[in-house]
Each structure stands twice: as C-alpha cells, then as structure tokens.
Amino acid sequence: MSERKWTDEQKKQYYEMLGEIQQVDFVLVELNLYLNTHPHDHKAINQYNEFAQKSMALKNKFQSMFGPLTNFGNSFSTYPWSWDDAPWPWQV
Amino acid sequence: MYTVRKKYRPYISPFDPCKPMVVKTYETPPQLYLGFQPYNLPQFQPHEALRLGTLWPALYAPYTNPYEDCDRGDD
C-alpha cells in the first residue's frame, strides 16, 4: 500500500476523467433499464453499444494512467501491486 | 390550476398540542403520467443526465420544497 504522488495537473485530470466515466456509465445504466422494457428499439441499442465502447476506451485510458478501477482480474496491475494504492473510492 | 403536487387534508385531532397543518402536499413522479415510454424521446447530455438523475427530460422531476417559505410557527 502506498500513497500516489501526483502533480496538480494529474489531480485535475484524475477528477476530469473519473467524472466523464461516471457520466458515460450513468447513460449506460439508463439505457440498460430502458432496453429491458424496449428490446426492439434499434436506435437505443446502437446508442448503448456506442456508449459501452466509449466507456471501455475511457476506462482503459484512465487505468493506464491512474491504476486499476476493479480487481479480481478485471483490470491489469502494474508492478508493484497497485490495487491497494490510495486514494480509495471513498477517499475520492 | 393543474399541478403534479397533490394535496390532502389530514385528520386533525381536537387535542393537537401544535398548530396543525391543515393541508399536506406530495409530489407525484412523471412516470405515472407517461404510460409506456415512447421510442426516441429527446435526451439530456450525459453530464446533465448524471446531475439530474435521468437521461430523458420527460422523466425529470425536480423536487421543490413546499415548506420553504411557510412559517409553521414552531420556532
């Protein structure tokens, strides 16, 4: 476990990117619930897939810069093990 | 005047030690009036959607505090 040393620029970028991930993922939650009752809305499915792709791209970029977002094999780790590095979700 | 904030008059006990609220109100959410959600409704931008809690303006309902400027006399 270690504290990450970030510059102000990196900190700003951290929150900007995390915010964008939250926005995109919220759209996905909404579309997911909508599509449960509207399985034939082709346009919405396209939008869902588009946002899913966007979300993955954003998360890959975020994780390459700031470490893993998830554990148990869903994200890669750097050496040394970076899953337990602060800040933790409730510290953000 | 039509409003989605509905009113009711609660029972008021003759022994109520406080000044009673004669009329109480509650907010009704938009999904009650929408029926089955139509296809291709206009959407918010993602950053607005996250802030407002819904992707569709048709389903957005702000919660306004009905007691904000009312003096209940309990201070």
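**Group meeting: chains A and B**

Okay, let's start with chain B: among its contacts between residues at least 6 apart in sequence, 35% join residues at least 24 apart. By contact I mean two residues whose C-beta atoms, placed from the backbone, lie within 7 Å.

Quick housekeeping. This is a predicted model, where local features need pLDDT of at least 70 and side-chain atom pairs count only at pLDDT 80 or more, while totals for chains, interfaces and linings use all residues. Residues are numbered from 1 along each chain as its sequence is written, and chains are lettered from A and ligands numbered from 1 in the order in which they are written.

Back to chain B. You get two strands and two helices, and along the sequence they run β-β-α-α. Those are DSSP runs numbered from the N terminus: H or I over at least four residues for a helix, E over at least two for a strand.

What radius of gyration does chain B have? It comes out at 18 Å, against near 11 Å for a compact globule of 75 residues. That radius is taken over C-alpha atoms, and the globule rule is 2.2 Å times the number of residues to the power 0.38. Along the principal axes, the C-alpha atoms of chain B fill a box of roughly 55 × 25 × 20 Å. Buried residues are just 5% of the 75 in chain B. Buried means 20 or more other C-beta atoms within 10 Å of the residue's own, exposed means 12 or fewer, and partly exposed is in between, with C-beta atoms placed from the backbone.

Now the contact between the chains: ten residues come from chain A and nine from chain B. On the chain B side, that's five nonpolar, four polar and no charged. For the record, Ala, Val, Leu, Ile, Met, Phe, Trp, Tyr, Cys and Pro count as nonpolar, Asp, Glu, Lys and Arg as charged, and the others, Gly among them, as polar.

Over to chain A and helix H1, residues 8-37. It has 30 residues and reaches 45 Å from first C-alpha to last, close to the 44 Å expected at 1.5 Å a residue; that expectation is 1.5 Å times one less than the number of residues. Gln23(A), Val24(A), Val27(A), Glu30(A) and Leu31(A) are buried in H1(A). Their cover includes helix H2 (42-66) of chain A and helix H2 (46-52) of chain B.

Tyr15(A) sits in H1 of chain A too. Buried or exposed? Tyr15(A) is exposed, because it has 10 other C-beta atoms within 10 Å. From Tyr15(A) to Tyr48(A) is 33 residues in sequence and 24 Å in space, C-alpha to C-alpha.
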